[in-house]
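Subject: Structure handover

Hi there,

Here is the structure I promised to pass on to you. Please open it alongside this email, and then read on for what turned up.

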Amino acid sequence: MTCLIKGCNFVLRNIPHEAFAYQKDSDPEFRFQTNHPDIFPYLLVNIGSGVSIVKVETEDRFEWVGGSSIGGGTFWGLGALLTKTKKFDELLHLASKGQHTSVDMLVQDVYGGAHQTLGLSGDLIASSFGKSAAADKEFSKEDMAKSLLHMISNDIGQLACLYAKLHCLDRVYFGGFFIRGHPVTMRTITYSINFFSKGEVQALFLRHEGYLGAIGAFLKGAEQDNPNQYSWGENYAGSSGLMSSSPELCPTQRVRSGTFDLLEMDRLERPLANLPLLLDPSSYVPDTVDLTDDALARKYWLTCFEEALDGVVKRAVASQPGSVDAAERAEKFRQKYWRKLQTLRHQPFAYGTLTVRSLLDTREHCLNEFNFPDPYSKVKQKENGVALKCFPRVIRCLDALGWEERQLALVKGLLAGNVFDWGAKAVSDVLESDPQFGFEEAKSKLQERPWLVDSYGKWLQRLKGPPHKCALIFADNSGIDVILGVFPFVRELLSRGTEVILACNSGPALNDVTYCESLIVAERIAAMDPVVHSALKEERLLLMQTGSSSPCLDLSRLDKGLAVLVRERGADLVVIEGMGRAVHTNYYAALRCESLKLAVIKNPWLAERLGGRLFSVIFKYEVPAE
Amino acid sequence: MGAGRLGVPMERHGRAADTSASAGEPAPEGPDGRRRELLRRRASSASEPPVGSSASASAEGIRRNRPGSYSGAPSASRQRVESLRKKRQLFPWFGLDIGGTLVKLVYFEPKDITAEEEEEEVESLKSIRKYLTSNVAYGSTGIRDVHLELKDLTLCGRKGNLHFIRFPTHDMPAFIQMGRDKNFSSLHTVFCATGGGAYKFEQDFLTIGDLQLCKLDELDCLIKGILYIDSVGFNGRSQCYYFENPADAEKCQKLPFDLKNPYPLLLVNIGSGVSILAVYSKDNYKRVTGTSLGGGTFFGLCCLLTGCSTFEEALEMASRGDSTKVDKLVRDIYGGDYERFGLPGWAVASSFGNMISKEKREAVSKEDLARATLITITNNIGSIARMCALNENINQVVFVGNFLRINTIAMRLLAYALDYWSKGQLKALFSEHEDFANCPASSVSRA
């Protein structure tokens, strides 16, 4: 039990979209919960052969508050006696086909038709198995199994509500083999909880419920290693998905009882934390669009990722020219990612809420699995080299401008740099065909002001005021973006007396600049530019890692060192650039301080959806309400 | 009225637990939308008196301060009752509780009939009195519980005996037919009735028997019935009792309990399903919850598992069985007590848990299965009752209902479980007239 609780706490903390609510008739059926910073207290109802009800108050404190002998063993044992069906799964299958009304005595059986004039629901069960006594007739196995399932689920739901009420808890997680992803039991339990608590208690299930004990045991074993030093993330490439809720859809898969066959976790070397500047960490949702919810967007993006797959495979092979098996591995990657995409077409909820971020992350995880950790490393090096050569000229041009002109040029530079994004198909097409596609040309592609979202005027006004104390900048692409877009902007802030924290990804993703690369780039620039040089030396410019290896950004899972620094330095401006970080994620993120979200829409469908055209500009400057 | 009229030939005459149709558990099948709508409507009309049915799960939590509400009864019947109230009550005095499985009838036999009255008494009334009081069985299924008879009672200024009669609900058509044959409608009486059947059979009473039912709120009747029965005592003895040392077959004693401070009390009515009420005063109570796992479940499952055909038979089998062969106990899993959770080794970890193994399924007897069914249902009711008592902060729990009739095993188990798991904080109380609690109230409320 200790292992179970430990595992449960662990997944609730570490696995995005671990917990979900199940509603049969809604679309989607699964509602995933975002990781809540406060997971305690909660009630864990473990339905094995019997039922254990445990109140969990802190990481180490939990209490067995009650239980019931009517559980999964009762369903199985009594079901075996009644139907002569020996297997648990077969019993559930029978139950899913049965009609309980021939076995149960309903309110309408007792009241006749009068229940309607009385405003009663005649379908309520007055007495489980009440009819099996009153008549001398045979009952079908299916009907008895169904009645039994209702009886047990209702009973457990009722007891769970009574315990939740007694202990004033509104979150109840269900686990154990009786649940284990079986839609029919999740459904009856959810129904019962809603009924008995009148909606006050929420029945939640866990994607990795079957692993809780094992995870807990593993963590306990690793205790001398102090697991709290690390953070964990789900590896989408290695993990198998949540099974379909419809047994008819893929009957072959239903042979196994478990929901998951595999959970693979990546251990990150450092602990993660919330960005302290989030306005409300408990309601923060990184993703802008929930693709499980939005069928149209889901269809588009799945197709988009399918179409981009060839290019990714080609890029991966090209990145390892010396390797003999690169083509073979790339092909395996293609097949794996393709299968994942097909799975997601049929079961969008397989890995929690489906988002552009999860599609991108899944691709990165799959690439890693086939040993393509950084397919863009060569491209990034080459681009960095080109961009560094241009840096002094760009700075000279900027310095020659008047103050107001310079501010606009800096912002345009940031945006133009952002056009260089191998993640976007429209851009990678151009880049493939025209490698000389330059910074100036990129600028000319940009939409003229007024931009699609344009609060530049407000930003300029702000710049006329006192300098910010400290700016936190999340960089996007390497090469022209970071060197000719971000660094000149950083330099201007430094000149104003603002300290800058430049946060880059811990690991590679697409052509995004990584922390290690940013160190080299900064050193090279410092050699050319005294402003950056002295800022680095005096620690007014700090390079940090985000803790992420994703093209997107989850502000609730940032490297703890970064979070601490942000608090220490009293950051009062957050700059997020790029489609992945500022549009697919965080577009609606509310912060406690001023923020700047910049991106160029490099996807025609998304541009149209937002009411603009390809290369439309998002310039979103936000000041929190007083 | 000849004997044998009441019972039409029946293949099977299961006398199951009474149905107060009380449970009301959700069934996630069916037209969910409509049901939700109904529930919502009910919930939003809380100002209206909840109509007489504990089956309305949505009535949970609504305090009911309107005793004896006639809502739902046709106004004609209402007027009739009103007018009757002003006059002296005409005999016969009946109270009916028509449950899902069993009909409970109470009949007040006046013993202070004057010669003049006797003279005036119409023949049909006389024959009813004679028929009911001179027999202990009616037809093949009706039974008078002679041992429950309350003697020399004063009711509305009349002295007499109160008789308790029960028959299966499926014989209700025969009962109505008898009423027609015996010309009950000429007696200018109203039948006070409660239970779901009061609604279900209302039309039949009217069209076949020309009899108007005065439908009474089931929960009101139950509360009044309990309090009334307690107030009159049981032929000089206490009506309420409890068990001392319920776990010990030799030392176990049934002791009278003086319910002089009845409030607050938790009333657990175990019929086919179970209703749980929190009672704060005579007129102030609420339905806390209910469960569909009740007497009907015990009997229904026993029929399926053992092929028995009567409630008595099911209980008799259970008394000879051993549930530990069927259930998985804590000690079966942990080898003894599970100390970390304070679980004793004898506690049931999984009801029917041993039955997942083929060998064990082949090794159990029908008696063992009957016993396990009884223990499972009883423990579950005890558990829900205990949680309700804790949530409502009440420590007297009165168990009534037909499930407990001649069911000492269940009563002792409830007594023990409540005491053990509450560490002596909760007391389980029982009533001598456990399954007729509803009826007298019907009778009384006429007066």
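**Salt bridges within chain A**

Let me begin with R406(A) and E492(A), which form a salt bridge whose closest N and O atoms are 3.0 Å apart. Please keep in mind that this is a predicted model. R406(A) belongs to helix α14 (residues 403–417) of chain A and E492(A) to helix α18 (residues 480–495) of chain A, so the pair ties together parts that are 86 residues apart in sequence. R406(A) counts as buried because its relative accessible area is 16%, under the 20% cut-off. E492(A) is buried too, with a relative accessible area of 11%.

There is also a network: K55(A), E57(A) and R61(A) are joined into one by salt bridges that share partners.

Another pair you may like to look at is R609(A) and D294(A), whose side chains meet in a salt bridge at 2.8 Å, N to O. Here R609(A) sits in helix α23 (residues 604–609) of chain A, while D294(A) is in the loop between β12 (272–273) and α10 (295–319) of chain A, so this salt bridge ties together parts that are 315 residues apart in sequence. The two ends have their own labels: R609(A) is partly exposed, at a relative accessible area of 39%, whereas D294(A) is buried, at 18% relative accessibility.

**Between the chains**

Which residue of chain A does E392(B) form a salt bridge with? The partner is K165(A), and the closest N and O atoms are 3.7 Å apart. E392(B) lies in helix α13 (residues 366–392) of chain B and K165(A) in helix α7 (residues 141–166) of chain A, so this pair joins two chains. E392(B) is buried, as its relative accessible area is 13%. For the wider count, a search of the whole structure over all chains finds 41 salt bridges.

**A charged patch on chain A**

On the surface, K84(A), K86(A), K87(A) and K141(A) form a positive patch. One of these residues, K87(A), is found in the loop between α2 (72–83) and α3 (88–97) of chain A. Is K87(A) buried or exposed? K87(A) is exposed, because its relative accessible area is 52% and the label applies over 50%.

**Chain A as a whole**

If you would like the overall numbers, chain A has 23 helices and 20 strands. Of its 626 residues, 62% are buried. Among the contacts in chain A with a separation of 6 or more, 73% are accounted for by residues 24 or more positions apart. Chain A exposes about 23800 Å², and carbon and sulfur atoms supply 52% of that area.

**One spot in chain B**

Lastly, a look at D204(B), which has its place in helix α7 (residues 202–207) of chain B. At 30% relative accessibility, D204(B) counts as partly exposed, because that label covers values between the 20% and 50% cut-offs. Which residues is D204(B) in contact with, leaving aside its neighbours within four places in sequence? They are I176(B) and G209(B). I176(B) is 28 residues from D204(B) along the chain, and the C-alpha atoms of the two are separated by 7.4 Å.

Happy browsing, and best wishes!

Terms used:
Residues are numbered from 1 along each chain as its sequence is written. Chains are lettered from A and ligands numbered from 1 in the order in which they are written. This is a predicted model: local features need pLDDT of at least 70, side-chain atom pairs count only at pLDDT 80 or more; totals for chains, interfaces and linings use all residues. Side-chain values use heavy atoms; hydrogens and water are left out. Helices (H or I, at least four residues) and strands (E, at least two) are DSSP runs, numbered from the N terminus. Buried means under 20% relative accessible area, exposed over 50%, partly exposed in between (1.4 Å probe, protein chains only). Contact means heavy atoms within 4.5 Å. Patches are made of residues with over 30% relative accessible area and no salt bridge: like charges are joined within 9 Å, nonpolar side chains (Val, Leu, Ile, Met, Phe, Trp, Tyr) within 5 Å. Accessible areas come from the Shrake-Rupley method with a 1.4 Å probe; for residues, only the protein chains shown count as cover. A salt bridge is a side-chain nitrogen of Lys or Arg within 4 Å of a carboxyl oxygen of Asp or Glu. Lys and Arg count as positive and Asp and Glu as negative; His and the chain ends are not counted. The place of a charge is taken as NZ of Lys, CZ of Arg, CG of Asp or CD of Glu.
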